[in-house]
Amino acid sequence: MAAGLILAALNLRPAVTSLGPLLEEVRADLGMSGTVAGVLTSVPAACFALFGFTAPRLARRWGPVAIVCAGLAAIAAGLLLRPMAGGTVAFLAASALALAGIAVSNVLMPVIVKRWFPDRVGSMTGLYSMGLSLGTAASAAVTVPMTDALGGSWRTGLGVWALLAAVALVAWLFLARGGTGGSGADGAGTTGSETGGKEAGRTDADAPPATAESVATAETAAPADGPAIRITRSPLAWAMAVFFGFQATAAYISMGWMPQIFRDAGVSASTSGLLLAVMMAMGVPLAFVLPRIAARLRHQGVLVVILGVFGLTGYAGLWLAPAGGAWAWALLLGIANCAFPLALTMIGMRTRTHAGVVRLSAFAQSVGYLLSIPGPLLVGVLYQHSGGWGQPIALMAGFMVPQIIAGVLAGRDRTLEDER
């Protein structure tokens, strides 16, 4: 299962980050305006919001492993069909198919970590996040050189990533066939430590898993002595959703537009891809370390603030000298983007049961991605109408303020099940 997590994680960003370095070529070939390209960079967030809401219900019916298998199949199919598109609509439809597969897998990864590794939530979230960062960085770094080596067509450069998804799909089909997942309450995949309460010395993130029954009926994520709060009335859930939404906004603006910012500043296409890869590569070591640190803290707000300061500094440098300090700004913004593994860890720590993590993960990610939709689109509109990157970069920096505030609120030591 650990190997399966890594393989799945490697495939949850190449559909997005492989496009950024080739966005100029795709726009020219398909006749996209800056505004339409902004819509394209908002499609990931829209798909993650729309399809993420369906993941808990699908998982209850078929089991999380089966749904991850279906998600990987959709990723492979979408990445294979996207280069065949003859126009913008077909390109968007194929992208949406791949992104739908990513969406359901995104939501279910914390669920799988909480279920199969209940005593190692921090370390396993770090391992999964590290794989995700590695896939993100690799696709950003090698897409342009690989495209050149394969004949120079953006269609070939984007389509080759379907092979990686196919490899992961084979591994997850093996896991599903081996009975790791199953459906509903019959395939809980529990670890044998299905005892209630907390053991001495454990944090909320280390609480033992709930029974399979509670996973199949995710609406009952509440203590025995009180009713479950509606997820839409939970201050914790909304704080997590807003924090997740603004970190996703920053990430998808970076993945969609950062190479173009560097190219417009005079940096070559291949170097721009490498700069994006550096940003994403920062998540490889930090995604493994940060969740482990977060799991040891009662309040994760200090980590949220530190990452926010790195982000604000990076945006300031990008506004003042985009080409002169490009590598430094890429490093700083890469550190700031590690708010994603921190958010995933906090989802696990803010719940005590499998059912709770299903509810909180689905709500925080789906609502969060919904909130992040306008960001990349607004950047594209400002870029087209202002003719430069000053206003878009100021907007990016402005988004960091509510991210910090919401993250501090979400990082407080409490759980969803305790809210009534």
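The following paragraphs lead through the aromatic pairs, one helix and a nonpolar surface patch of this structure. The model is predicted, and every value given below is computed from it.

The aromatic contacts offer a starting point. The structure holds 9 aromatic pairs. In one of them, Phe 246 and Phe 399 meet in a tilted arrangement, with 5.9 Å from centre to centre and 50° between the planes. Phe 246 belongs to helix α12, which covers residues 235-264, whereas Phe 399 belongs to helix α20, residues 390-410; the pair therefore ties together parts that lie 153 residues apart in sequence. Phe 399 has a relative accessible area of 17% and is therefore buried, the limit for that class being under 20%.

Helix α12 takes part in a further pair through Tyr 252. Tyr 252 and Tyr 369 are arranged edge-to-face, with 6.2 Å centre to centre and 65° between the planes. Because Tyr 252 lies in α12 and Tyr 369 in helix α18 (residues 354-372), this pair ties together parts that are 117 residues apart in sequence. Both Tyr 252 and Tyr 369 are buried. These two tyrosines also belong to one aromatic cluster, together with Phe 244 and Phe 340.

Attention now turns to helix α19. This helix comprises 13 residues, 374-386, and spans 18 Å from its first C-alpha to its last, close to the 18 Å expected at 1.5 Å a residue. Which residues of α19 are buried? They are Gly 375, Pro 376, Val 379, Gly 380 and Tyr 383. Viewed down the axis of α19, these buried residues fall within an arc of 140°, so they line one face of the helix. After α19 comes Gly 387, which has a positive phi, near 75°.

The surface provides the last topic. Phe 288, Val 289, Ile 293, Leu 297, Val 302 and Ile 306 make a nonpolar surface patch of about 440 Å². Two elements, α14 (283-296) and α15 (301-320), each give two or more residues to this patch. The largest share, 3 residues, comes from α14. Phe 288, one of the patch residues, is placed in helix α14. With a relative accessibility of 30%, Phe 288 counts as partly exposed, because that class lies between the buried limit of under 20% and the exposed limit of over 50%.

Note on methods. Residues numbered from 1 in each chain as written. Predicted model: local features only at pLDDT ≥ 70, side-chain atom pairs only at ≥ 80, totals over all residues. Heavy atoms only, no water. Helix = DSSP H or I, 4+ residues; strand = E, 2+ residues; numbered from the N terminus. Expected span 1.5 Å × (residues − 1). Buried < 20%, exposed > 50% of the residue type's maximum accessible area, 1.4 Å probe, protein only. Arc of directions from axis to C-beta. Patch = residues over 30% accessible without salt bridge, like charges linked within 9 Å, V, L, I, M, F, W, Y side chains within 5 Å. Areas by Shrake-Rupley, 256 points an atom, 1.4 Å probe, with all protein chains shown as cover. Salt bridge = Lys/Arg side-chain N within 4 Å of Asp/Glu carboxyl O. Phe/Tyr/Trp six-rings, centres within 6.5 Å; stacked < 30°, edge-to-face > 60°.
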